[in-house]
Amino acid sequence: MIDIAGVVASVQERIETIRDAIASIEVMMEALQIADDAHASDLTMLVSVPYRSQWDTPAFVDGVAVDADARRGDCGPACLAMVVAGLTDYRPTVDECGDACGQPRSGAGSHYTNHAQLRKGARAYGLTLVTRSPYSTPLDFALIEQKLSEGKPSIALIHYGVLGDRCALYPDIVKNQDRYRGGHWVLVVGIDTDCVYIHDPDFAGSRRGDGFMRRVYRDAFDAALAAVAPGCTRGYQGLIVA
Ligand SMILES: [Ca+2]
């Protein structure tokens, strides 16, 4: 004899148990969604750009030739090489970008690049770089964020010594940066509520990887961007991709 009423009660009890379990999962999923939304509101913007070091010796990285042997002060051409690799089908070496910029390989002018040289170098690869400074429109967070939202990194001129003084993330190389008080071109590839992410070409050898998406607190980066490096007339300058 089957106790129909007993079986029905048992099934109903199990259904209630399953309903409770589903309700718990729904609550959990809702909590996860809230957490995800909160994270998304951090305004993280990143663009994917290959990294190049200004100290690269002739080699292949991910199947692409890299070489930055021709000059010492080639942080500018290194940033240009990254922009070109990120936004075009060209994969020039840093040395080739230096040549395109018209930067001498030795003697006077071989230790730095200026705005006009970087604009000239970009044109060789079909890109238009536009100078930004307080004389027109300063290169600030608002402009950097706008360009990142367009999928374009920006080349910023920072006072490297100021950044070194305030960077808490790489204390073992702060002294190296402190000794360098000049201007330095870096590529801004991302930003969020706390930090700016830069491809800093001044990383070599075993530390090369640390130059990739180097995370710098916003206030530290802002101070380095605002500071007037020797040889520069104003802070907040750099180049954006048109
Ligand atoms: Ca070099």
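**Helix 2, its partners and some long-range contacts**

Reader: Leaving aside neighbours within four places in sequence, which residues is isoleucine 144 in contact with?
Author: Keep in mind that this is a predicted model. Isoleucine 144 sits in helix 5, which covers residues 141-149. Setting aside anything within four places in sequence, the contacts of isoleucine 144 are Leu139, Ser154, Val188 and Ile191.

Reader: Is isoleucine 144 buried or exposed?
Author: The cut-off for burial is 20 or more other C-beta atoms within 10 Å. Isoleucine 144 has 24 C-beta neighbours inside 10 Å, so this residue counts as buried.

Reader: How far apart in space are the C-alpha atoms of isoleucine 144 and glycine 190?
Author: Along the chain, these two are 46 residues apart. In space, the C-alpha atoms of isoleucine 144 and glycine 190 are separated by 8.7 Å.

Reader: OK, over to valine 188. Which residues does valine 188 contact, leaving aside neighbours within four places in sequence?
Author: Valine 188 belongs to strand 6, and with 29 C-beta neighbours inside 10 Å it counts as buried. One of its contacts, Ala156, is 32 residues away in sequence, yet the C-alpha atoms are 6.9 Å apart. Once neighbours within four places are dropped, valine 188 is in contact with Ile144, Pro153, Ser154, Ala156, Val196 and Ile198.

Reader: Now helix 2. Why is helix 2 described as largely enclosed by the rest of the structure?
Author: Helix 2 runs over residues 75-87 and spans 18 Å from first C-alpha to last, close to the 18 Å expected. Its buried residues include Cys75, Leu80 and Val84. Helix 2 is largely enclosed because the buried ones number eleven of its 13 residues.

Reader: Which elements do the buried residues of helix 2 pack against?
Author: The partners are a mix of helices and strands. On the helical side there are helix 3 (94-101) and helix 4 (115-123). The strands are strand 5 (154-159), strand 6 (183-191), strand 7 (195-199) and strand 9 (237-241).

Reader: How many residues of the largest nonpolar core come from helix 2?
Author: That core has 48 residues, and Cys79, Leu80, Met82 and Leu187 touch the most other members. Helix 2 supplies the largest share of this core, and its contribution is nine residues.

Reader: What does methionine 82 touch, leaving aside neighbours within four places in sequence?
Author: Methionine 82 is one of the buried residues of helix 2. Past the four-place window, methionine 82 is in contact with Val49, Pro50, Tyr51, Arg52, Leu187 and His199.

Reader: At roughly what angle do the axes of helix 2 and helix 3 cross?
Author: In general, two packed helices are described by the angle and the distance between their axes. Here the axes of helix 2 and helix 3 come within 8 Å, and the crossing angle is roughly 105°. That makes helix 2 roughly perpendicular to helix 3, at roughly 105°.

Reader: How do the residues of the contact of helix 2 with helix 3 divide into nonpolar, polar and charged?
Author: From helix 2, the residues involved are Gly76, Pro77, Ala78, Leu80, Ala81 and Val84, and they meet Val94, Cys97, Gly98 and Cys101 in helix 3. The tally is eight nonpolar, two polar and no charged.

Reader: Last one. Is arginine 234 buried or exposed?
Author: Arginine 234 lies in the loop between helix 8 (218-226) and strand 9. Its contacts beyond four places in sequence are Ser133, Pro134, Tyr135 and Val228. Since 12 C-beta neighbours lie inside 10 Å, arginine 234 counts as exposed.

Terms used:
Residues are numbered from 1 along each chain as its sequence is written. This is a predicted model: local features need pLDDT of at least 70, side-chain atom pairs count only at pLDDT 80 or more; totals for chains, interfaces and linings use all residues. Helices (H or I, at least four residues) and strands (E, at least two) are DSSP runs, numbered from the N terminus. The expected span of a helix is 1.5 Å times one less than its number of residues. Two residues are in contact if their C-beta atoms, placed from the backbone, lie within 7 Å. A nonpolar core is a set of buried Ala, Val, Leu, Ile, Met, Phe, Trp, Tyr and Cys residues joined through C-beta atoms within 7 Å. Axes are lines fitted to C-alpha atoms, for helices over the stretch in contact, and angles run from 0 to 180 degrees between N-to-C directions. Angles under 35 degrees count as roughly parallel, over 145 as roughly antiparallel, 65 to 115 as roughly perpendicular and the rest as oblique. Ala, Val, Leu, Ile, Met, Phe, Trp, Tyr, Cys and Pro count as nonpolar, Asp, Glu, Lys and Arg as charged, and the others, Gly among them, as polar.
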